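Trainee: Please take a close look at one part of this model, the nonpolar patch on the surface, and set it in the context of the whole chain.

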Amino acid sequence: MSKRAVIMAGGQGMRMKASTGQQTPKPLVRVKGLSLVERNLVWLLSHGLKDIVLVLRNEDHEIEHWAK
């Protein structure tokens, strides 16, 4: 049986913006060379999950562009 993973990346990230001063969407904020969403993807893939869904808001065009 295959398993599906869901990454919730649709929040506004208001607290993150307040602490970093960046306008970058929270999932794309880089920590030690990788964005937060990349870190989640790497972890999921390294544990054998291949069916991964990234959930975004309609307004998250920058993240959508990154994911394509």
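**The nonpolar surface patch**

Mentor: Buried residues account for 21% of the 68 residues in this chain, and the model is a predicted one. The C-alpha atoms fill a box of roughly 45 × 30 × 20 Å along the principal axes. Within that box the secondary structure amounts to 3 helices and 4 strands, and their order along the sequence is β-α-β-β-α-β-α.

Now the patch itself. Its members are V6, M8, V53 and V55, which together have about 340 Å² of accessible area on the surface. Two elements each give two or more residues to this nonpolar patch: β1, spanning 4–8, and β4, spanning 51–55.

M8 can serve as the example. This residue belongs to strand β1. M8 is classed as exposed because its relative accessibility is 66%, and the cut-off for that class is over 50%.

The contacts of the chain give some background to a patch drawn from β1 and β4. Counting contacts between residues at least 6 apart in sequence, 60% join residues at least 24 apart.

As for the surface as a whole, the chain exposes about 5,300 Å², and 54% of that is supplied by carbon and sulfur atoms. Charged side chains are also part of the picture: 11 are positive and 6 are negative. The centres of these two sets lie 9 Å apart.

Conventions: Residues are numbered from 1 along each chain as its sequence is written. This is a predicted model: local features need pLDDT of at least 70, side-chain atom pairs count only at pLDDT 80 or more; totals for chains, interfaces and linings use all residues. Side-chain values use heavy atoms; hydrogens and water are left out. Patches are made of residues with over 30% relative accessible area and no salt bridge: like charges are joined within 9 Å, nonpolar side chains (Val, Leu, Ile, Met, Phe, Trp, Tyr) within 5 Å. Accessible areas come from the Shrake-Rupley method with a 1.4 Å probe; for residues, only the protein chains shown count as cover. A salt bridge is a side-chain nitrogen of Lys or Arg within 4 Å of a carboxyl oxygen of Asp or Glu. Buried means under 20% relative accessible area, exposed over 50%, partly exposed in between (1.4 Å probe, protein chains only). Contact means heavy atoms within 4.5 Å. Lys and Arg count as positive and Asp and Glu as negative; His and the chain ends are not counted. The place of a charge is taken as NZ of Lys, CZ of Arg, CG of Asp or CD of Glu.
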